[in-house]
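Student: I should like to learn how to read the features of a structural model, taking exposure, empty space and charge pairing in turn.

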Amino acid sequence: MQVILGGGGAIGTALASALNAYTTSIRIVSRNPKKVNNGDELFPADLTDGAAVNKAVAGADVVYLVAGLPYRLSVWQEQWPKVVRNVIDACKQHKAKLVFFDNVYLYDGNSVGRLTEESPVNPPSKKGKVRAQLVQLIMDEVKSGALTAMIVRAADFYGPGINTSVLQETVYKNFAKGKAAFWMGDRTKIHSYTFTPDAAKATALLGNTPDAYNQVWHLPTSDEKLTGNDWIQLFAERMHVKKKAMSVSTPLIRVMGWFNPLMKEMVEMMYQNNQDYYFDSTKFKTRFPEFKVTPYQEGVKEIVAAGTAN
């Protein structure tokens with residue numbers, strides 16, 4: 001039995017599909033779960049409810065925490081520690097292994113130019129401090145021997161049919177509407193993106209690899225070093241539209257935040273957009289050389305073929 005906590009999101013749906021290669025016993029847990037494979041078991045639950053999480057995890061061999069929460073600092077500070085504590089306690093009680101899907105916010109701001117599993121943990125943002133707290137909770141249990149777990153990390157997302165990718169919301173969807181692309185930060189800087197189908201397949205592979213536990217893994221991401229301008233060019237060419245784009249600086253994002261709550265939340269993260277952001281997944285590629293990472297041009301092609309999510 002493999003349990004997905006946070007089914008239906010950018011990773012959860014693709015993960016359910018990928019896990020079908022390893023097991024026919026998959027339980028999808030979310031507020032409103034939907035089947036991906038015919039045999040999926042659906043379990044409606046609120047992950048902030050400890051009793052519900054405990055029931056959702058019962059009988060599991062592996063638990064994947066791939067849930068997302070609203071992109072608001074106050075929500076993250078209040079709910080993320082509660083969710084992770086609930087999941088840890090349930091995994092310990094039912095002797096299930098945990099795979100926690102993380103991002104790169106906890107790393108030192110000066111490491112963004114080349115992020116590896118060994119990059120120092122020193123988050124420059126308040127959201128990053130929340131992420132560091134969650135990883136500490138998990139790894140403390142691992143070090144004590146009470147829990148078997150791993151941390152898997154991805155760069156920013158892009159992928160077919162999803163609506164939580166900043167790249168797609170600001171470049172692809174703008175082009176689809178006949179508007180100019182909108183790039184937050186310096187578009188002459190490199191920016192890595194992890195293709196969601198690759199992330200899901202790799203997460204399923206790691207979760208079913210016994211010696212991969214009790215460590216951190218960067219999920220497979222293309223080695224190509226594309227700048228914001230390169231990404232805009234890729235989408236423009238694939239969509240057969242004129243390459244029209246505007247850059248938005250941190251001060252302007254701050255002003256926009258007076259009127260737009262999401263922009264307000266983005267201000268503290270702009271350090272990732274104003275310097276090269278390169279995500280190194282050499283560790284995974286060395287351990288699993290047979291895994292084929294999707295090139296950026298192919299990823300963009302699949303996104304355009306899939307159409308907009310909404």
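Student: Is Leu42 buried, partly exposed or exposed?

Tutor: Because buried means under 20% relative accessible area, exposed over 50%, and partly exposed in between (1.4 Å probe, protein chains only), Leu42 counts as partly exposed at 35% relative accessibility. Leu42 belongs to strand β3 (residues 41-44); helices (H or I, at least four residues) and strands (E, at least two) are DSSP runs, numbered from the N terminus. The model is predicted: local features need pLDDT of at least 70 and side-chain atom pairs count only at pLDDT 80 or more, whereas totals for chains, interfaces and linings use all residues. Residues are numbered from 1 along each chain as its sequence is written, and side-chain values use heavy atoms, with hydrogens and water left out.

Student: Which residues form a nonpolar patch on the surface?

Tutor: Patches are made of residues with over 30% relative accessible area and no salt bridge; like charges are joined within 9 Å, and nonpolar side chains (Val, Leu, Ile, Met, Phe, Trp, Tyr) within 5 Å. Here the nonpolar patch consists of Leu252, Val255, Trp258 and Phe259, together having about 490 Å² of accessible area, by the Shrake-Rupley method with a 1.4 Å probe, where for residues only the protein chains shown count as cover. Of these, Leu252 lies in helix α8 (residues 250-256) and is partly exposed, its relative accessible area being 38%.

Student: How is empty space found, and which residues line the largest cavity?

Tutor: Rolling a probe the size of a water molecule over the atoms shows where empty space is left. On a 1 Å grid over the protein atoms alone, a cavity is a set of points where a 1.4 Å probe fits but cannot get out; a pocket is an open set with protein on both sides within 12 Å along at least five of seven lines, and lining residues have an atom within 4 Å of a point. Grid points are joined across faces, edges and corners, and a volume is the space filled by probe spheres set on the points. The structure holds one cavity of 30 Å³ or more. The lining of the largest cavity comprises Val166, Leu167, Thr170, Phe182, Trp183, Met184, Tyr193 and Asn273. Two or more residues of that lining come from each of α5 (166-176) and β8 (181-184).

Student: How much space lies in the second largest pocket?

Tutor: The second largest pocket holds about 240 Å³. It has 14 lining residues, and those closest to its centre are Val121, Val135, Met139, Arg153 and Val216. Helix α4 (residues 126-144) gives the largest share of the lining, five residues.

Student: How many salt bridges are there, and what is the idea behind them?

Tutor: Side chains of opposite charge can pair when their charged atoms come close. A salt bridge is a side-chain nitrogen of Lys or Arg within 4 Å of a carboxyl oxygen of Asp or Glu, and the whole structure has 13. In one of them, the closest N and O atoms of Arg85 and Glu141 are 2.8 Å apart. This pair links distant parts of the chain, with Arg85 in helix α3 (residues 73-94) and Glu141 in helix α4, 56 residues apart. Arg85 is partly exposed at 26% relative accessible area, whereas Glu141 is buried at 13%.

Student: Where do Lys173 and Glu169 lie?

Tutor: Both lie in helix α5, four residues apart, about one turn of the helix. Their side chains meet in a salt bridge (2.8 Å, N to O).
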